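Me: Got a minute to walk through this one with me? I'd like to start with the backbone and then get to the ligand.

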Amino acid sequence: MSSHLSALNEFHQQPILACQNVAKTFQVTRKSPFIALQKIDLKVAKGDFVTILGRSGGGKSTLLKLLGGFIPPTSGQILFHGVPLQGITPKIGMVFQENTLYPWLTVEQNIGFGFKVRGKQKRHYGLRVQEVMEHVGLTQSGNLYPHQLSGGMKQRVSIARSLAIQPDVLLLDEPFSALDIQLRRRLQKFLLNIWQETEATMVLVTHDVEEAILLGQKLIVVGGQPGHIIAEVDISASAFRDRYDRQFLELQQHLEGVIGEEPDMMEKSRDLAAVQSK
Ligand SMILES: Nc1ncnc2c1ncn2[C@@H]1O[C@H](COP(=O)(O)OP(=O)(O)OP(=O)(O)O)[C@@H](O)[C@H]1O
Ligand SMILES: [Mg+2]
């Protein structure tokens, strides 16, 4: 292959987002820094749906905040389209773990906020807001305020608000964890549909093993102390879209064990590779 062609090939394979040997330390007291994450190497390619799984306090939100440019790494670097990420950008959308809707704005105004704050006129973005509201099934609720919405509706508004400005990547931090199982399943289906229809790139954090397998194409397990990536599983096969499939159930049971049995995780991650290669 000519060097020109191989350069072109490399360009197409360049991940949208990448972590290179990233570590994050928090200075809690003057004496003892707390290492939340270390040695994180991760690549997110265009169109990927990556799920990040780990137990509470394992560093999942920290990793997502690093990927979104909300906090800088202590060492290593985060590359966005091959260039070091210098803080937040509208090209990376974020749906936070907690509700971050503006209570004084209606559903429609919340969704259009990303445009308004950039000085855009409503006639330029009104149509896009309507389109996204339709996508998330909220056309009838455009004039309601957040306190008039159910939990699931609020999460759909948050997702719509992030999608409206068409980010290159959407980061989602446990978006459905506060919802009951039926609603969670409906919204999981809804998110998968959006991912398929818009060919978006998504990174979703969860501590729900079933959710991580069902939604992702690539699953990453974060664990240990300090937190690091203990396993990566390719779950792009169709078996992993069916929660009753034998392969799905086997992997689910295994990962539940892995997460429940920290600090034995390194051992378990080796078993995980065996499950994967079956
Ligand atoms: N700003 C901060 N200052 C000090 N410590 C922090 C800070 N942010 C996070 N941490 C610590 O880093 C660790 C990882 O926190 P993080 O919020 O990333 O966990 P998580 O995996 O998202 O947990 P959960 O599932 O409960 O949301 C925790 O021990 C937490 O106390
Ligand atoms: Mg978290």
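Reply: Sure. Proline 226 sits in the loop between strand S9 (218-223) and strand S10 (228-234). Keep in mind that this is a predicted model.

Me: What kind of peptide bond joins glutamine 225 and proline 226?
Reply: A cis one, with omega at about 0 degrees. For context, most peptide bonds are trans.

Me: Which residue in strand S1 has a positive phi?
Reply: Asparagine 21 has one, about 45 degrees, although it is not a glycine. Asparagine 21 belongs to strand S1.

Me: Is asparagine 21 buried or partly exposed?
Reply: Partly exposed, because its relative accessibility is 47%, between the 20% and 50% cut-offs.

Me: And where is glutamate 174?
Reply: In the loop between strand S7 (169-173) and helix H6 (181-198). Its phi is also positive, near 45 degrees. Glutamate 174 is buried, at 5% relative accessible area.

Me: Back to strand S1. What about lysine 24, buried or exposed?
Reply: Buried, since its relative accessible area is 8%, and buried means under 20%. Lysine 24 is in strand S1. Lysine 24 and glycine 76 are 52 residues apart in sequence, with 9.1 Å between their C-alpha atoms.

Me: Which residues form the nonpolar surface patch?
Reply: Phe26, Val28 and Phe34. Together they have about 280 Å² of accessible area. Phenylalanine 26 lies in strand S1 (residues 17-27). It is partly exposed, with a relative accessible area of 31%.

Me: OK, ligand 1. Which residues come nearest?
Reply: Ser56, Gly57, Lys60, Ser61 and Thr62, out of 13 residues around ligand 1.

Me: How far is threonine 62 from an oxygen atom of the ligand?
Reply: A polar side-chain atom of threonine 62 is 2.6 Å from an oxygen atom of ligand 1. For glycine 57, a polar backbone atom is 2.7 Å from a ligand oxygen. Glycine 58 also brings a polar backbone atom, 3.2 Å from an oxygen of ligand 1.

Me: How much of ligand 1 does the protein bury?
Reply: The protein buries 63% of the 630 Å² that ligand 1 exposes when taken alone.

Me: Which elements give two or more residues to the shell?
Reply: Strand S2 (33-44) and helix H2 (60-67). H2 gives the most, with three residues.

Me: Last one. How do the shell residues divide?
Reply: Three are nonpolar, seven polar and three charged.

How values were computed
Residues are numbered from 1 along each chain as its sequence is written. Chains are lettered from A and ligands numbered from 1 in the order in which they are written. This is a predicted model: local features need pLDDT of at least 70, side-chain atom pairs count only at pLDDT 80 or more; totals for chains, interfaces and linings use all residues. Side-chain values use heavy atoms; hydrogens and water are left out. Patches are made of residues with over 30% relative accessible area and no salt bridge: like charges are joined within 9 Å, nonpolar side chains (Val, Leu, Ile, Met, Phe, Trp, Tyr) within 5 Å. Accessible areas come from the Shrake-Rupley method with a 1.4 Å probe; for residues, only the protein chains shown count as cover. A salt bridge is a side-chain nitrogen of Lys or Arg within 4 Å of a carboxyl oxygen of Asp or Glu. Helices (H or I, at least four residues) and strands (E, at least two) are DSSP runs, numbered from the N terminus. Buried means under 20% relative accessible area, exposed over 50%, partly exposed in between (1.4 Å probe, protein chains only). A residue is near a molecule or strand if one of its heavy atoms lies within 4 Å of it. A polar contact is a pair of N or O atoms within 3.5 Å; within protein, one must be able to donate a hydrogen and the other to accept it, and residues adjacent in sequence count only if both atoms are side-chain atoms. Ala, Val, Leu, Ile, Met, Phe, Trp, Tyr, Cys and Pro count as nonpolar, Asp, Glu, Lys and Arg as charged, and the others, Gly among them, as polar.
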